[in-house]
Amino acid sequence: MAVSSRVLITGGAGFIGSHLSERLLDEGHEVICVDNFFTGSRRNVEHLFPNPRFEVIRHDVTFPLYLEVDQIYNLACPASPVHYQHDPVQTTKTSVMGAINMLGLAKRLRVPILQASTSEVYGDPAVHPQVEEYWGNVNPIGPRSCYDEGKRAAETLFFDYRRQHDLDIKVIRIFNTYGPRMHPNDGRVVSNFIVQALRGEPITIYGDGSQTRSFCFVDDLVDGMVRLMNTGHDVTGPINVGNPGEFTMLELAQTVLEITGSSSGIEHRPLPQDDPKQRQPDITLARRELGWEPTVELRRGLTQTVDYFRGVVA
């Protein structure tokens, strides 16, 4: 990318968007952060306000946006079940209408656009670990469908714009990501466990705790996103970006208890509907196309995340 390009990040005040904004500013680019602040927060980006190359626009991507930029990262969408199920119709509109509006902008400007897709496009997978060629096992009418199917529809739109308009698209499938600036009440397992441990509350595990997730530290994810955006026109994805190290919920809970020094117990609750039992990325493609693999191991990343949450919980 040219020195001091103008980069648009939708959802730029969210957990991942704020870290991506930081990274691009550190590289010398101008960043326009667009967010409607439904799940994003000014607190996530207020430390960037003094930077003259950083700008925030309050805007909902379900409405068109007219700007002049060199690259677009489309991250706007609530990403945790608590938030995306709060207003499922709006969640689907954000994924679909947001994609249409941002793709329209990229087409007008003839600039590359990256879609932040998700491992949830694989649903409750019958293939393990998940490879990009797998079409998934998704319930199209369940309580999680607004997010899962919304993201699948967005991927469809990206590839249709590629075929119809030769647009320079990049689709990244993000697996469980954690780190500082996660929303404390987003219902995700890492933030849940840490907040409960710091408050001395019982750690809630759904099911027997044998279901697995693969946790990628946010700095690693952002590195993968930037690498994908800066590939040639022929590299479109979808590409899995996540940490292939697989952990059970019980293992995660024990690690959080050790790091926090908490005396919290563990409380089991029924498994939610359509909750995937296994989640692990195959990152062969990311290694080959991007030269990318995660470098931050779970305990080190969790320690940084706990340090952040100590301030939030206090």
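**Notebook: salt bridges and a pocket**

Entry 1. I began with Arg181, which is buried, with a relative accessible area of 14%. I note that the model is a predicted one. Arg181 is classed as buried because its 14% falls under the 20% cut-off.

Entry 2. I next asked which residue forms a salt bridge with Arg181. The partner is Glu22, and the closest N and O atoms are 2.6 Å apart. The two residues belong to distant parts of the chain, 159 residues apart. I found Glu22 in helix H1 (residues 15–26), whereas Arg181 sits in the loop between strand E7 (177–178) and helix H6 (189–199). Is Glu22 buried or partly exposed? Glu22 is partly exposed, because its relative accessible area of 22% lies between the 20% and 50% cut-offs.

Entry 3. I then searched the whole structure for salt bridges, and the total came to 16.

Entry 4. I looked up Glu120 and found its side chain in a salt bridge with that of Arg144, at 3.1 Å from N to O. Both residues lie in the loop between strand E5 (113–118) and helix H5 (145–165), yet they are 24 residues apart, and the pair is recorded as linking distant parts of the chain. I checked their exposure: Glu120 and Arg144 are both buried.

Entry 5. I turned to Glu155, whose side chain meets that of Arg173 in a salt bridge with an N to O distance of 2.7 Å. Glu155 lies in helix H5 and Arg173 in strand E6 (residues 169–174), so this pair ties together parts 18 residues apart in sequence. I recorded both Glu155 and Arg173 as buried.

Entry 6. I also asked which residues are joined into one network by salt bridges that share partners. The members are Arg23, Glu27, Asp223 and Arg227.

Entry 7. I moved on to the second largest pocket, for which I noted a volume of about 280 Å³. Its lining consists of 14 residues. Those nearest its centre are Trp135, Glu155, Thr156, Arg173 and Pro238. I thus met Glu155 and Arg173 again, the two residues whose side chains form a salt bridge.

Entry 8. Which element gives the most to the lining of this pocket? I found that H5 does, with six residues. By residue class, I noted seven charged, six nonpolar and one polar residue in the lining.

Notes. Residues are numbered from 1 along each chain as its sequence is written. This is a predicted model: local features need pLDDT of at least 70, side-chain atom pairs count only at pLDDT 80 or more; totals for chains, interfaces and linings use all residues. Side-chain values use heavy atoms; hydrogens and water are left out. A salt bridge is a side-chain nitrogen of Lys or Arg within 4 Å of a carboxyl oxygen of Asp or Glu. Helices (H or I, at least four residues) and strands (E, at least two) are DSSP runs, numbered from the N terminus. Buried means under 20% relative accessible area, exposed over 50%, partly exposed in between (1.4 Å probe, protein chains only). On a 1 Å grid over the protein atoms alone, a cavity is a set of points where a 1.4 Å probe fits but cannot get out, and a pocket is an open set with protein on both sides within 12 Å along at least five of seven lines; lining residues have an atom within 4 Å of a point. Grid points are joined across faces, edges and corners, and a volume is the space filled by probe spheres set on the points. Ala, Val, Leu, Ile, Met, Phe, Trp, Tyr, Cys and Pro count as nonpolar, Asp, Glu, Lys and Arg as charged, and the others, Gly among them, as polar.
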